Structure formats: C-alpha cells, structure tokens
Amino acid sequence: MGEKKIGEVFEKVHTVTDWYDGPRGGIAEFHGLPHLYQSLFDATKDDWSDTLLLTPVDEETFRLALEDWAIWKRWEQAFYEGRATQETHPALPEDRQRHEEIKVLLESKLTVDPSKAVRATAEFRPRKGTHTPPGVIRQLEVKWTVVDDDKC
C-alpha cells in the first residue's frame with residue numbers, strides 16, 4: 001500500500017465523539033466534505049492503530065451530529081465551570097430529551113463499513129486562533145494521508 005498526500009491543507013474537525021490519547025472517532029472534512037472517521041483497533045498490538053476509516057456522511061446525519069455535538073459542548077462547558085456534574089454527562093438536564101432523541105436517530109447512521117471506507121492516517125492539531133477554557137476539548141483540524149489508494 002502506498003501513501004498519497006491529500007495535500008498540505010488542514011481540514012475542519014466537526015466533532016470528536018471518541019477520544020483515547022487523541023481523537024478516535026467523530027466527523028471531519030475529507031476533500032471538503034463531512035466524513036465519519038473511526039480509528040482501527042490493532043488486536044495484535046492490543047492498541048489503537050494509526051489508521052482511521054473514513055466514510056461520507058449524508059446531510060441529515062451531519063445536521064443531527066452537529067446538533068448533538070452542540071448539546072455535548074454545552075454540557076462540557078458547564079462541567080468545567082462547575083455548573084454540571086459527571087452524573088449529568090453527556091447533556092444538561094434541559095438538553096437531555098433532545099440528546100436521547102438524536103442518539104436513537106444516529107445509532108444506525110454513524111457506522112463505518114470497512115469494505116467501503118477510505119483508510120488514512122491523520123495529523124490532528126488545534127485550529128489556529130481558537131481558545132478554550134482549561135479541560136475543554138479545543139477546536140481541531142486534521143490533515144489526512146490516504147494509505148489505501150484503491151478506495152480514493
């Protein structure tokens with residue numbers, strides 16, 4: 001498998017729904033379009049792989065994912081300001097019902113079919129000019145390197 005640079009362009013990371021020593025899942029731009037990204041787990045190493053799977057996200061799924069991300073960001077902000085407890089995670093009481101509705105709607109949509117996904121490595125970094133309070137996930141951007149040319 002050869003590696004092919006997508007370019008030196010960093011693209012926007014819209015959501016980070018899975019984090020372990022860095023972003024492991026969420027939605028980010030790939031070729032300027034929203035894609036679900038998901039890290040692969042390497043069972044032989046018993047650790048996360050550097051390879052992520054990318055698959056396009058339709059407009060409705062993207063809209064719902066952004067709405068749920070906004071709900072989580074409100075909870076995160078309140079948590080680090082001491083206005084919410086871990087027990088309320090991942091939504092403030094006033095957002096709980098909508099979060100649960102979205103969760104059901106997204107459950108089957110936020111899945112990656114490995115046979116149809118693009119495989120790539122990612123370089124994540126904080127977006128320039130953004131600031132967040134201590135503890136809060138910073139706004140990120142990503143540069144992709146495709147490692148599976150035949151899916152591109």
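The largest nonpolar core in this predicted model has 20 residues. Within that core, the residues with the most contacts are Val13, Val16, Ala28, Phe30, Tyr37, Leu54 and Trp144. Six elements give two or more residues each to the core: β2, β3, β5, α1, β6, which covers 118-126, and β7, which covers 140-146. There is also a second, separate core of 13 residues, and Val57, Leu64, Ala65 and Ala117 are among them.

Take Val13 from the first core. What does Val13 touch, once its neighbours within four places in sequence are left aside? The list is Ile27, Ala28, Tyr37, Phe124, Arg127, Leu140, Glu141 and Val142.

Now the overall layout. The protein has seven strands and two helices, and along the sequence the order is β-β-β-β-β-α-α-β-β. Of the 152 residues, 43% are buried. If we take contacts between residues at least 6 apart in sequence, 54% of them join residues at least 24 apart.

Next, the strand pairing. Strand β3, residues 23-30, runs antiparallel to β4, residues 33-42, and six bridges join them. One pair to look at is Ile27 with its bridge partner in β4, Leu36. On its other pairing, β4 is joined by seven bridges to β5, residues 47-56, and these two strands are antiparallel as well. Asp42 stands opposite Asp47 of β5.

Both pairs are hairpins. The β3 and β4 hairpin has two residues between its strands, while four residues separate β4 and β5. In the turn of the β4 and β5 hairpin, Asp46 has a positive phi of about 55°.

The other turn holds His31, in the loop between β3 and β4. Its phi is near 55°, which is positive in a residue other than glycine. Is His31 buried, partly exposed or exposed? His31 counts as partly exposed because its relative accessible area is 49%, and the exposed class starts over 50%.

Asp21 is a further case of positive phi, at about 60°, and is not a glycine either. Asp21 sits in the loop between β2 and β3. With a relative accessible area of 68%, Asp21 is exposed.

On to the pocket. The largest one has a volume of about 540 Å³. It is lined by 20 residues, and those closest to its centre are Val16, Thr17, Asp68, Trp72 and His99. Val16 therefore appears twice in this talk, since it is also listed among the residues with the most contacts in the largest core.

Which elements supply at least two residues each of the pocket lining? They are β2 (11-19), β3, α1 (59-80) and α2 (96-106). The largest share, five residues, comes from β2. By class, the lining has eleven nonpolar, five polar and four charged residues.

Last, the region around the end of the first helix. Ala78 is placed in helix α1. Why does Ala78 count as buried? Because its relative accessible area is 0%, and buried means under 20%. Not counting residues up to four places away in sequence, Ala78 touches Arg83, Ala84 and Leu92. From Ala78 to Ala91 is 13 residues in sequence, and 9.8 Å in space from C-alpha to C-alpha.

In the loop between α1 and α2 we find Pro90. The peptide bond that joins His89 and Pro90 is cis, with omega about 10°.

Technical notes
Residues numbered from 1 in each chain as written. Predicted model: local features only at pLDDT ≥ 70, side-chain atom pairs only at ≥ 80, totals over all residues. Heavy atoms only, no water. Pairing = 2+ DSSP bridges. 1 Å grid on protein atoms, 1.4 Å probe; cavity = no way out; pocket = protein on both sides within 12 Å on 5 of 7 lines; lining within 4 Å. Points joined across faces, edges and corners; volume = space filled by probe spheres on them. Nonpolar A, V, L, I, M, F, W, Y, C, P; charged D, E, K, R; others polar. Core = buried A, V, L, I, M, F, W, Y, C linked by side-chain atoms within 4.5 Å. Buried < 20%, exposed > 50% of the residue type's maximum accessible area, 1.4 Å probe, protein only. Contact = heavy atoms within 4.5 Å.
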